[in-house]
Each structure stands twice: as structure tokens, then as C-alpha cells.
Amino acid sequence: MREHTTSIFAEMSTLAVEVGAINLGQGFPDTDGPVEIKEVAIAAIADGRGNQYPPPHGLPQLRTAIAEHQLRFYGLEVDPQVDVVVGTGASEILQSALMALVDEGDEVVVFEPWFDIYTAGISLAGGRRVGVPMHGPGLRPDLEALRAAVTPRTRLILLNSPHNPTGIVFTPAELREVARIAIENDVVVLSDEAYEHLWFDDSAHVPIATLPGMWERTVTVGSGGKTFSFTGWKVGWASGPPDLIGAVRVVRQHLSYVSGGPFQYAIAHGLGMPDAYYEDFRAGLARKRDILSTGLADLGLGVIPPQGTYFISTDVRPLGYPDGLTFCRELPRRAGVVAIPHQVFCDDPDIGAPYVRWAFCKRPEVLHAALDRLRAGLGR
């Protein structure tokens, strides 16, 4: 685990506190989610529901709500008794899946730039990561490189859409090609769909498990924190076929065992909220996206229009910077704003070198203040 001892998030967050910078690096909202969901958690605590150990694989109410959610939004028929597991956030579920499904020396193919916990999880499992680039003007996945990267030693493809850090959403055609490669090579797909409801315009999220031949080889991961803006509650889950979910359950119950009993009741309630909640949630985030996207473009940065997630990716070369890491390390003192460079999420730093990630899941006044600082600090 030596290569995972340092974290760009810790470095940048520490720097933000040191200089009083606005932190657009970490992806968490600065406002709470729906009041009615909070009230369910408060009532559960007051009533003594969930204050002791909940069932190790998740409250039955939550597992049922997850199954109903998958059917409602995606037409997937999920058995809450054997096809679902609940954990301490999507992070624990992802790590549990990697440790359950990857043996020593197995190859895990992952698109780069990646979310940093993926590589830590691969190391914990004793696997070997194989990077596949996302590049070009729109940071799209290189599917020919994916096909070339899969070998007889490949155990798993780790997919993330909507994608952190790039902000792109895989198209149906791209997903079909990933599925074709997985089926032809008989590999499992671990699909991180934590941002499944955070997509914009016409870039609707499509779970890869809905494609022909993919349910039986896919573990799909979801996040209550991202869907309802309660990231501190750490409620996540996976759904999929019972053989794969059974393996994930075995590992996960020996990590945190259980967590978040009252919050599980609340997230179960949230998953049953009407379509209007999800539509309004996306619309509100899209307005914040537009504030920051427009402002960053006006500053001269090369903005890659975000199709989903909390994040905007920009090319810093138009401002005269050769790489994003230098830009991000200078930015807090120069302009009082923190962002995150892509290149720390790549084995090949050239893939992410010019790109920087900005989080727009903040109040509009915070985004406007950050843009004012950037204009002053960058002389724009």
C-alpha cells in the first residue's frame, strides 16, 4: 500500500485551510438533502429503530427499496433477499467487491483517470491494475485500447459512469462495446454508478447490467450519499446476481460488519420519493454546473462540457500552464481556490497532464465568489 500513502485530496484540503481558499476540490455538497429524509432518520433514532446492529446485509426495508428502485428506473428485476448488499458507503462496497472477486495477480482493467479508491482496492486485493485511457477532445474512453488491454489474466473491468473525474457519461454505444468485450472474454464488470441520478441534458445514465448478457456478470454499485446529498451518512449498496453478491457479502460483513441503522431507514424512504425529486435535483445541479462552466470558459480555460457527476474538467494549457498539477499547487495562493489535477489519477501522467477537475456541487454564491477570486488571481 506504499503508493497510496499520500492523497491529493488531503494535500489540497490542507492547503485550502492554510490559505483560506474556496475548496472546489472535494466532491461533496455544501447544503443538506431533503428535509423529509432527515426527519425519517431523526424519527428512527428517537424511536429506537436502528440504534443497535441492523442485519449484516442491510435492513430488509432498504434492500426492498433498492430492488424497487432498480425496477422502477431501469426495468431490472432484483431479488432483495439475495441480489442486494448494503454497506458503509459505495466506497466499502467497491473495496469489498474487489477483495471478493480479485485474487492475487489477477488483472483489473480500469479507465484512467480514475477515482483513487479504485487503485487502493486493487492493491488490497493483490490484483494488478491495467489502465485504459480516456482522451481526445471530449475525454472519451478508448475502446480499442480496452480491447487490447484485456488478456487471459483479466478478471474484472472496473467501469464508472457517470464518470469521476471527467464528468462524462458513457454512451449506449460505448457501453455496448464494453459489454461485448466483457462477454467475449468472460470477465466480470464492477460498475460504479454512484452518480446514476446526476446526469444532464440528453446524457441519460444507462446501467450496463441492463444490456443483454450483462446482468449475470455485473456488480452494480449505488450511493445514497450522492443521490440524496447526505455524503456523511455513508450508505451504499450493490445489486447483481446472487453468486457475485454472495461473494461481496462475505467480505463486506468482515469489514464494518454493519453501519448507519437509522440512516438506512431514511435512504429507503428517499429511494421511494417521486420522480419530481430526481428531476428537480438534476435541474438544480445543472444550474450550478452552468454557473461554473460559463465562468471557467470566460477565464480562458478549455471546458469539457460535463454530462454528469459533480465535476467539470478543464484544459489549463490555454492559460500557459503545461500541466494541471503545477496549476493546482499554485492556484490556492495565487487565487484562493482549490481544484484537483487529473494526472494523479493516471499511471500514465501524460493522459491527464493538462486537465483539472472542479466541483460545482456548491451554493451559487460560493461558485460566484470562487470565480471572482479566479478572475483577480489569474488576471482575467
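# Reading salt bridges and sheets

Mentor: Let's start with a network of salt bridges that links Arg147, Glu177, Arg180 and Glu184. Keep in mind that this is a predicted model.

Trainee: How many salt bridges does the rule count here?

Mentor: The idea is a distance test: a side-chain nitrogen of Lys or Arg has to lie within 4 Å of a carboxyl oxygen of Asp or Glu. In this structure, that test gives 21 salt bridges.

Trainee: Let's take one pair from the network. What is the N to O distance between Glu184 and Arg147?

Mentor: That salt bridge comes in at 2.8 Å, N to O, between the two side chains. The partners belong to distant parts of the chain: Arg147 sits in helix 6 (residues 143–149) and Glu184 in helix 7, 37 residues apart. As for its surroundings, Arg147 is partly exposed, at a relative accessible area of 31%.

Trainee: And Glu177, from that network: is Glu177 buried or exposed?

Mentor: For this you need the cut-off, since buried means under 20% relative accessible area. Glu177 has 16% relative accessibility, so Glu177 counts as buried. Glu177 is a residue of helix 7.

Trainee: Which residues does Glu177 touch, once neighbours within four places in sequence are set aside?

Mentor: Those contacts are Leu143 and Arg147. With Arg147 there is also a polar contact between the two side chains, at 2.8 Å.

Trainee: What does a salt bridge look like between residues with other accessibilities, say Asp47 and Arg49?

Mentor: Their side chains meet at 3.5 Å, N to O. Asp47 is exposed, with 54% relative accessible area, while Arg49 is partly exposed at 31%. You can read Arg363 and Glu365 in the same way: their side chains form a salt bridge at 3.2 Å, N to O. Arg363 has a relative accessible area of 33% and is partly exposed, and Glu365 is partly exposed too, at 46%.

Trainee: Now the sheets. In what order do the eight strands of the open sheet run?

Mentor: Read a sheet as a list of neighbours, going from one edge to the other. Here the order is 2-9-8-7-6-3-4-5, and the pairing is mixed. Strand 2 (84–88) and strand 5 (140–141) are the edge strands; each has a single partner strand, so one side of each has no neighbour in the sheet.

Trainee: In which sense do strand 7 and strand 8 pair, parallel or antiparallel?

Mentor: Parallel: strand 7 (residues 188–192) and strand 8 (residues 218–223) are joined by four bridges. To find your place along them, look at Asp192, which stands opposite Val221 in strand 8. Helix 5 (residues 116–124) packs on this sheet, in touch with strand 3 (107–112), strand 4 (128–135), strand 6 (154–160) and strand 7, and its direction makes about 160° with that of strand 4. Helix 7 (residues 172–185), the home of Glu177, packs on the sheet as well, touching strand 3, strand 5, strand 6 and strand 7, at about 165° to the direction of strand 6.

Trainee: What is the strand order in the four-stranded open sheet?

Mentor: The order is 10-11-14-13, with antiparallel pairing. Strand 10 (302–304) and strand 13 (340–341) take the edges with a single partner strand each, so one side of each is left without a neighbour in the sheet. Helix 11 (residues 275–298) packs here, touching strand 10, strand 11 and strand 14 (355–359); the helix direction makes about 10° with that of strand 11.

Trainee: How many bridges hold each pair of strands together?

Mentor: Walk across the sheet in order. Three bridges connect strand 10 with strand 11 (residues 311–315), and Ile304 stands opposite Ser313. Strand 11 and strand 14 pair over five bridges, with Tyr355 as the bridge partner of Asp315. Strand 13 and strand 14 share two bridges, and Ile340 lies opposite Arg357.

Trainee: Which way do the residues of strand 14 point?

Mentor: Sort the residues by the face they point to, then check the burial of each face. Tyr355, Arg357 and Ala359 point one way, Val356 and Trp358 the other, and all are buried. Strand 14 is mostly covered, with five of its five residues buried.

Technical notes: Residues numbered from 1 in each chain as written. Predicted model: local features only at pLDDT ≥ 70, side-chain atom pairs only at ≥ 80, totals over all residues. Heavy atoms only, no water. Pairing = 2+ DSSP bridges. Contact = heavy atoms within 4.5 Å. Axes fitted to C-alpha atoms, helices over the stretch in contact; angles between N-to-C directions. Buried < 20%, exposed > 50% of the residue type's maximum accessible area, 1.4 Å probe, protein only. Polar contact = N/O pair within 3.5 Å; in protein donor to acceptor, adjacent residues only side chain to side chain.
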